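Subject: Structure for your review

Dear colleague,

Please find below the structure that I am handing over to you, together with its sequence. My findings follow it, and I would be grateful if you would read them with the model open.

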Amino acid sequence: MDDDSDRWVVENMGLTHLFNQLRPTLPWNALMDRMMEELHSQGKTVEQIAECLKQVPLHPRTISAMQSAHDLGCFSEVITNPTSVDGEGRFRIFPYHDMTSFHGCNLCPPNLCKGLVIEQIQASMSEKGKSRFIYLGDGRGDYCPTLKLDKGDHVMPRKGFPLWDRLLSDPNLLKADCHEWSNGEELESILLQLIEKIYKE
């Protein structure tokens, strides 16, 4: 996306003032769940939230790149914070990790350590033989998982965003090859070249 989906909903559904009031008092997941509660109390439906999200700018080449990667079997699931719609029709957002016990990573927010997720995927893939990873990201929460990648893996940070800045600050910590991108065309070109390279190995 060319924007943050949470921020997009907050701004485009008139929640900026409440969001800014509550931001210092709640962790991100709880804050966004509270924003969904507010929308529900205003009579907004899940369908209206979905329609709002459909308006987020998304480069068409990003869509075709993801579709191509999926068709080639490069990923089979999306791992994110779980959501549901409760009995009253309210959209709920929950943390991926149990918030009663800290996941132990100081680089990640309490709701989701993507580094732990990458380690779980790596462990399950190692049983199947040789595997290579291509990690695309742009946010602060994408830094930890890039440090879990090995030589021969690839990270694709979005240029000018927090992950890219962080990787530039100490590139020696990264074992994976780094391929920056700025727009959907670059993302598609680099991603498909990397997939082709990995398939030829």
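A residue is called buried here when its relative accessible area is under 20%. By that criterion strand β4 is covered on both of its faces. H154 and M156 are buried on one side, and V155 and P157 are buried on the other.

Please bear in mind throughout that this is a predicted model. The mean pLDDT of the chain is 91, and 100% of the residues score at least 70. Confidence is highest in helix α2 (residues 16–22), at 97, and lowest in helix α5 (residues 60–71), where the mean is 88.

The sheet

Strand β4 belongs to an open sheet of three strands, arranged in the order β3-β4-β5 with parallel pairing. The edges are formed by β3 (134–137) and β5 (177–178), each of which pairs on one side only. Against the sheet packs helix α9 (residues 184–200), which touches β3, β4 and β5. The direction of α9 makes about 175 degrees with that of β4.

Strands β3 and β4 (residues 154–157) run parallel and are joined by four bridges. L136 has M156 of β4 as its bridge partner, and G137 stands opposite P157. On the other side, β4 pairs with β5 over two bridges, again in the parallel sense. There H154 stands opposite D177 of β5.

Helix α9

Helix α9 has 17 residues and spans 24 Å from its first C-alpha to its last, close to the 24 Å expected at 1.5 Å a residue. Its buried residues are G184, L187, E188, I190, L191, L194, I195 and I198. The elements that cover them include α5, β3 and β4.

Helix α5, one of these covering elements, also holds S64. S64 counts as partly exposed because its relative accessible area is 26%, and the lower limit for that class is 20%. Between S64 and H40 there are 34 Å in space, C-alpha to C-alpha, for a separation of 24 residues in sequence.

Helix α3 and its surroundings

Helix α3 (residues 28–41) consists of 14 residues and reaches 20 Å between its first and last C-alpha atoms, close to the 20 Å expected at 1.5 Å a residue. Within α3, the buried residues are N29, L31, M32, D33, M35, M36, E38 and L39. They pack against α1 (5–12), α2, α4 (46–53) and β2 (91–93). Just after the helix, G43 adopts a positive phi of about 85 degrees.

Helix α4, one of the elements that α3 packs against, contains E47. At 56% relative accessibility, E47 lies over the 50% limit and is therefore exposed. The C-alpha atoms of E47 and F91 are 9.9 Å apart, although 44 residues separate the two along the chain.

The aromatic pair

How many aromatic pairs does a search of the whole structure find? The search returns one. The partners are F19 and W28, whose rings are edge-to-face, with 5.4 Å centre to centre and 75 degrees between the planes. F19 is buried, because its relative accessibility is 11%. W28, with a relative accessible area of 27%, is partly exposed.

The surroundings of N111

Is N111 buried or exposed? With a relative accessibility of 9%, N111 counts as buried. The residue lies in the loop between β2 and α6 (114–126). Apart from neighbours within four places in sequence, N111 is in contact with N29, N81, P95, Y96, H97 and M99. Of these contacts, N29 is also one of the buried residues of helix α3.

In summary, I would draw your attention to two places when you inspect the model. One is the parallel sheet β3-β4-β5, with α9 packed on it. The other is helix α3, with its buried residues packed against α1, α2, α4 and β2.

With kind regards

Methods
Residues are numbered from 1 along each chain as its sequence is written. This is a predicted model: local features need pLDDT of at least 70, side-chain atom pairs count only at pLDDT 80 or more; totals for chains, interfaces and linings use all residues. Side-chain values use heavy atoms; hydrogens and water are left out. pLDDT is the predictor's confidence in each residue, from 0 to 100. Two strands pair if DSSP finds at least two bridges between them. Contact means heavy atoms within 4.5 Å. Axes are lines fitted to C-alpha atoms, for helices over the stretch in contact, and angles run from 0 to 180 degrees between N-to-C directions. Rings of Phe, Tyr and Trp (its six-membered ring) pair if their centres lie within 6.5 Å; planes under 30 degrees apart count as stacked, over 60 as edge-to-face and the rest as tilted. Buried means under 20% relative accessible area, exposed over 50%, partly exposed in between (1.4 Å probe, protein chains only). The expected span of a helix is 1.5 Å times one less than its number of residues.
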